[in-house]
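Work through the exercises below with the sequence and the 3D structure at hand. Try each task before reading its solution.

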Amino acid sequence: MVRRERWTAVATLALLQIFVVLAAGYLITHGVPGTPTPIASPKPTPTPLVTAGPVLAAAEDGALPAKGTLTTRLRGAMGDPALGGRAAGVVMDARTGTVLFDGGASTALRPASTTKVVTAVAALASAGPDRRLATTVVRGAAPGSIVLVGGGDPTLAGPTSVGGSEWSASDVYPRPASLAQLASRTAKALKAAGVTSVDLSYDSSLFSGPVTAPGWKPTYIPEGSAAPVTALTMDEGRSPAGPRYADPPKATADAFAALLKKNGIKVGAGVRAGRARAGAAELARVESPPLYALVERMLTLSDNDLAEAMSRQVAIAEGLPHTFEGEVAAVHRVLTRLGADQGIEIHDGSGLSTRNHITPTALARLLAVASSPAHPELHSLISGLPVAGFTGTLHGRYGRADSRAAAGLVRAKTGTLSGVNTLAGIAYTPDGRLLSFAFMANDVTNPPGAVAALDKMATIVSQS
């Protein structure tokens, strides 16, 4: 009898549970009678999977490395014969500017492409991280004439790649403006006005003066190290028929004329250089990525053409002549405002000039300024620095036993010219202290050995 009552109780409880579940389901679906239907809450945002810390983490109060130990280790590494007889370096606390290692830190040496650190700081501080470079088409002075106007964007994508095959501007980062898109927009505007035939000229007068910098070797353009510095160019002056166009503006205008014809606009013979009228009506335009993205690309890839374009933007922003001489004066003006002009002599923006001389202290100071919370407009300089062992000009390095520990930890700009190897960057210590450094060698006869020695020194900094 007891057993039967127990089973009756169990069955009753089970039926009650089924009823509660069904009732709850009904209320969830239909709501409580007489009450408004609740508004659905948004789904919670999934917690992101954190795979790496930010480029510039919050400032830490970790202890500074011991100067004596750091100096002993770095002096030993700097004595590597591969660096030659003219080597110098510095390590600096990025937050306070305290010098932790001085290995001839005030010695001005040829910086090669670490000059791009100077260019990046000046461009971001003066022209600003959000500036875009516009390539435009305006109406010409004569009826039925148009002018293609260069805005100093060397990344403007031409109709074909260097290999001659069709390519997509979306294949690269940052995505460049497209000459084909400019032609399409121009044709659309012309047809809307009832125009199907034009005479085309081109205006590259935004940049003036010599197209090569003081201290550039005559082999740079033929070998493809850089293009002539002009305000109108496509694909950074790279030609399918050779390393660089001898006349980038003319080549770009000819390509634009061919694209207009594909879009149903007849172009008269004799595309030639000219000047756009002040205030001429604009028909179409395309714009480059923002300057901060261009700076990141310039630093990651050590892009000489972009560096020269960025340097000219400083001259434009500062209201000085848009020449090599003007850009140099403009850069120094900006650095003076930042209190970081000492120890810098430059003659171009890319570092190709053999006349450039910069001290290790100046480079490390600029990196400290760029990483400072007081200068958020400069932070894309830091995010653009190649990552040891992974990106840009540091890809494929830091695989040796004496540098492997710094892979992924060191961010630095490289520099290479004949007899010159340099490295300037940042690294966090194991205690979380951000350090900036610069190591420079100007009498190199064993480049692979010099690169390995520089990487070893940067590794010592990251492990200090």
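**Exercise 1: a covered helix**

Helix α10 is largely enclosed by the rest of the structure, because 11 of its 12 residues are buried. Buried means under 20% relative accessible area, exposed over 50%, and partly exposed in between (1.4 Å probe, protein chains only). Helices (H or I, at least four residues) and strands (E, at least two) are DSSP runs, numbered from the N terminus. The model is predicted: local features need pLDDT of at least 70, side-chain atom pairs count only at pLDDT 80 or more, and totals for chains, interfaces and linings use all residues. Residues are numbered from 1 along each chain as its sequence is written, and side-chain values use heavy atoms, with hydrogens and water left out.

Task: Find which residues of α10 are buried, and compare the span of α10 with the expected one.

Solution.
1. Locate α10 at residues 360-371.
2. The buried residues include Pro-360, Thr-361, Leu-363, Leu-366, Leu-367 and Ser-371.
3. The expected span of a helix is 1.5 Å times one less than its number of residues.
4. For α10 this gives 16 Å, and the end C-alpha atoms are 17 Å apart, which agrees.

**Exercise 2: a serine in a loop**

Task: Is Ser-350 buried or exposed? Which side chains make polar contacts with the side chain of Ser-350?

Solution.
1. Ser-350 lies in the loop between β9 (344-345) and β10 (357-358).
2. Its relative accessible area is 0%, so Ser-350 is buried.
3. A polar contact is a pair of N or O atoms within 3.5 Å; within protein, one must be able to donate a hydrogen and the other to accept it, and residues adjacent in sequence count only if both atoms are side-chain atoms.
4. The side chain of Ser-350 makes such a contact with the side chain of Glu-308 at 2.7 Å, and with that of Asp-348 at 3.3 Å.
5. Contact means heavy atoms within 4.5 Å. Leaving aside neighbours within four places in sequence, the residues in contact with Ser-350 include Ser-113, Lys-116, Trp-216, Asn-304 and Glu-308.

**Exercise 3: the ends of α8**

Task: Describe helix α8 (residues 304-318) and what is found at its two ends.

Solution.
1. The helix has 15 residues and reaches 22 Å from its first C-alpha to its last, close to the 21 Å expected.
2. Of the 15 residues of α8, 13 are buried.
3. At the N-terminal end, Asp-303 is the cap: one of its side-chain oxygens lies 3.1 Å from the backbone nitrogen of Asp-305.
4. Just after α8, Gly-319 has a positive phi of about 70°.

**Exercise 4: following the strands**

Task: Trace the pairing from β11 (residues 411-417) through β12 and β13 to β1 and β2.

Solution.
1. Two strands pair if DSSP finds at least two bridges between them.
2. β11 runs antiparallel to β12, with 7 bridges; Lys-413 has Ala-424 as its bridge partner. This hairpin has 2 residues between its strands, and Gly-419 in the turn has a positive phi of about 80°.
3. β12 (residues 420-428) has 8 of its 9 residues buried. Its antiparallel pairing with β13 (residues 434-441) covers 8 bridges, and Gly-425 stands opposite Phe-437.
4. β13 is also joined to β1, antiparallel, by 7 bridges, with Val-90 opposite Ala-438.
5. β1 (residues 87-93) is largely enclosed, because 6 of its 7 residues are buried.
6. β1 pairs antiparallel with β2 (residues 99-103) over 4 bridges, and Met-92 stands opposite Val-99.
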